[in-house]
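Let's take a walk through a protein model, starting with the overall layout and ending with its charged pairs. Keep the picture at hand as you read.

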Amino acid sequence: HSRDTASLNYQAPQPGMRLGRYIVAPSHFQYDVHDATSPSIVTLHNGRELPSPASLETCGFEIHSGPSACENFRNDAEVLRVYYQEVRKLIRLVTGAKQVIVFDHTVRTEPLLRVHSDYTEESAASVVKQVAERGIYSQKHAKLLPKADIDSLFAQHFALFNVWRNISTEPVMSFPLALCDARTVSDSDRLYYEIIQSTTEKWKADWKAFPA
């Protein structure tokens, strides 16, 4: 199979500082968070030409051919109505899941140029809790699922999956999606990256103004 080299941006931790970023920058400058990357040259193997196809069980990812009836992926209403249903069918087919909930999607217009993982074993539970708290809409029943149904659902074994596809009519020739074989990453190589919600400070002070 073919291979090439590429420069990938790995996180560069700073001793004594948290690794991450604020979703909304706080009003005062923060010195406690560090977010920088360092380029590293790696070998990229053509994932379509592997001797043994990648699979969820081995590498943590796999590729499928999936024509879609969705005509405009930039139309959120159409994506929710058409593509979400297709994704549910795909996940059921690939994993054997009894129930699939699609809770978010992103249309990338620019590549994300850093090595990262969207979820960890710890954050997955937090994501599931957030999804449950904001309510789960059932396309099948055309209503929000009752809390009892949600509690029962998440009391069972669950997993989070990302589904990616090229929505252009042309092949992706630059900045293609690159995925790392999960078996080749040791625990010591993993870094904890925080996406931090800013907090609003409320000072308990009694102020007086003196208009001219």
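Helices and strands here are DSSP runs, numbered from the N terminus, with at least four residues for a helix and at least two for a strand. Counted that way, this predicted model has three helices and seven strands in its protein chain. If you read along the sequence, the pattern goes β-β-β-β-α-α-β-β-α-β.

Now for the chain as a whole. Buried residues make up 16% of its 212 residues. The accessible surface comes to about 17,300 Å², and 53% of that belongs to carbon and sulfur atoms. Take the contacts between residues at least 6 apart in sequence: 67% of them join residues at least 24 apart. Ala6, in strand β1 (residues 3–11), gives you an example of distant parts meeting. Its C-alpha atom is separated by 6.5 Å from that of Thr43, although the two residues are 37 apart along the chain. Leaving out residues up to four places away in sequence, Ala6 touches Ser40, Ile41, Val42 and Leu44.

What about the inside? The largest nonpolar core has 10 residues, among them Cys70, Phe73, Tyr83, Tyr84 and Val102. Not counting residues up to four places away in sequence, Cys70 touches Glu78, Val79, Val82, Tyr83 and Glu86. There's also a second, separate core of five residues, including Val127, Val131, Leu145 and Ile150.

Next up is helix α2 (residues 121–134), whose buried residues are Ala124, Val127, Val128 and Val131. They sit on the same side of α2, because they cover an arc of only 100° around the axis. Part of what covers these buried residues is α3 (147–154). Turn to the face pointing away from the buried side and you'll find the exposed residues Glu122, Lys129 and Glu133. After α2 comes Gly135, with a positive phi near 95°.

Another positive phi turns up at Phe175, about 50°, even though this residue is not a glycine. Most residues other than glycine have a negative phi. Phe175 lies in the loop between α3 and β7 (194–196), and it is exposed, with a relative accessible area of 56%.

Which residues form a nonpolar patch on the surface? They are Ile23, Val24 and Ile195, with about 290 Å² of accessible area together. Val24 lies in the loop between β2 (18–22) and β3 (33–34). Since over 50% relative accessible area counts as exposed, Val24 is exposed at 53%.

Finally, the charges. Side chains of opposite charge can pair when their charged atoms come close. The structure holds five salt bridges, and here are some of them:

| Salt bridge | Closest N to O distance |
|---|---|
| Glu194 and Arg18 | 3.1 Å |
| Arg183 and Asp181 | 2.7 Å |
| Asp187 and Arg190 | 3.3 Å |

Glu194 lies in strand β7 and Arg18 in strand β2, so this pair ties together parts that are 176 residues apart in sequence. Arg18 is partly exposed, with a relative accessible area of 33%. Salt bridges that share partners also join Arg18, Asp32 and Glu194 into one network. In the next pair, Arg183 is exposed at 57% relative accessible area, whereas Asp181 is buried at 17%. As for the last pair, Asp187 is exposed, with 66%, and Arg190 is partly exposed, with 49%.

Conventions. Residues numbered from 1 in each chain as written. Predicted model: local features only at pLDDT ≥ 70, side-chain atom pairs only at ≥ 80, totals over all residues. Heavy atoms only, no water. Patch = residues over 30% accessible without salt bridge, like charges linked within 9 Å, V, L, I, M, F, W, Y side chains within 5 Å. Areas by Shrake-Rupley, 256 points an atom, 1.4 Å probe, with all protein chains shown as cover. Salt bridge = Lys/Arg side-chain N within 4 Å of Asp/Glu carboxyl O. Buried < 20%, exposed > 50% of the residue type's maximum accessible area, 1.4 Å probe, protein only. Arc of directions from axis to C-beta. Contact = heavy atoms within 4.5 Å. Core = buried A, V, L, I, M, F, W, Y, C linked by side-chain atoms within 4.5 Å.
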